[in-house]
Amino acid sequence: MDKIQSRGRLIAGVSYDIPGMGYKNPKTGRIEGFEADLARAMAQALLGDSDRVDLHQVTDEGRIEALQRDQVDVVISQLTITPARAREVDFTTPYYVTHEAILVPCDSDIKQFEDLKGKRIAVTAGSVSGIRMRAALPSLPGATLVVTPLSSGNLEAIEKGDADAASNDMINLTLLRKGAADPDRY
């Protein structure tokens with residue numbers, strides 16, 4: 001706290017690729033969404049001014065490292081609390097609770113988890129979804145993971161035909177679907 005207050009700015013790590021959550025608006029260049037708003041509210045509470053925050057893009061894979069290297073003061077980027085992660089960083093009270101979900105095109109033959117056998121599943125590098133799906137692969141013969149650097153890459157992999165499904169937090173998939181060029185396709 002002393003460092004933040006003496007600097008006069010909060011440095012927050014946020015996502016830049018999920019509309020509605022943490023997103024860099026290509027038209028304005030402004031970082032928008034719930035998590036960016038939460039970072040601004042923290043700056044208001046800590047420093048008396050919501051504009052006294054620097055928003056830095058973090059990826060799922062680099063969030064904890066950014067904290068450990070003091071590149072950011074706080075990460076507000078859907079960091080699922082796990083026992084392993086809790087040994088590395090401190091967590092606040094959760095600000096959002098969601099579940100794991102699978103996104104597929106409407107015309108897909110994937111209707112339940114078992115239908116992922118033999119399919120290509122997009123996951124985000126460094127995400128809990130990636131960890132969970134990697135652990136599930138033995139029960140899904142022939143399934144493979146398509147690892148993308150950002151959550152938005154999950155949807156892009158399906159759109160390009162590189163993946164049959166995407167596994168991510170339901171809120172991420174819902175917002176990515178909503179922001180897609182053809183949301184009714186999913």
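Asn-154 is located in helix H6 of what is, I should state at the outset, a predicted model. Is this residue buried or exposed? Asn-154 has a relative accessible area of 0% and is therefore counted as buried, the cut-off being under 20%.

Let us turn to its surroundings. The side chain of Asn-154 makes a polar contact of 2.8 Å with the side chain of Asn-168. Leaving aside residues up to four places away in sequence, Asn-154 also touches Ala-122, Val-123 and Thr-124, as well as Thr-148, Ala-166 and Ser-167, with Asn-168 again on the list.

Helix H6 brings us to helix H7, which spans residues 170-179. Which residues of H7 are buried? They are Ile-171, Asn-172, Leu-173, Leu-175 and Leu-176. These buried residues pack against helix H6 (152-160) and strand S10 (165-169), and also against strand S2 (17-18) and strand S7 (100-103).

I come now to the aromatic residues. How many aromatic pairs are counted? The count is 1. The pair consists of Phe-34 and Tyr-95, in a tilted arrangement, with 5.8 Å from centre to centre and 40° between the planes. Distant parts of the chain are linked by this pair: Phe-34 belongs to helix H2 (residues 34-47), Tyr-95 lies in the loop between helix H4 (83-88) and S7, and the two are 61 residues apart.

Why does Phe-34 count as partly exposed? Its relative accessibility is 37%, and the partly exposed class covers values between the 20% and 50% limits. Tyr-95, with a relative accessible area of 32%, is likewise partly exposed.

Terms used. Residues are numbered from 1 along each chain as its sequence is written. This is a predicted model: local features need pLDDT of at least 70, side-chain atom pairs count only at pLDDT 80 or more; totals for chains, interfaces and linings use all residues. Side-chain values use heavy atoms; hydrogens and water are left out. Buried means under 20% relative accessible area, exposed over 50%, partly exposed in between (1.4 Å probe, protein chains only). Helices (H or I, at least four residues) and strands (E, at least two) are DSSP runs, numbered from the N terminus. Contact means heavy atoms within 4.5 Å. A polar contact is a pair of N or O atoms within 3.5 Å; within protein, one must be able to donate a hydrogen and the other to accept it, and residues adjacent in sequence count only if both atoms are side-chain atoms. Rings of Phe, Tyr and Trp (its six-membered ring) pair if their centres lie within 6.5 Å; planes under 30 degrees apart count as stacked, over 60 as edge-to-face and the rest as tilted.
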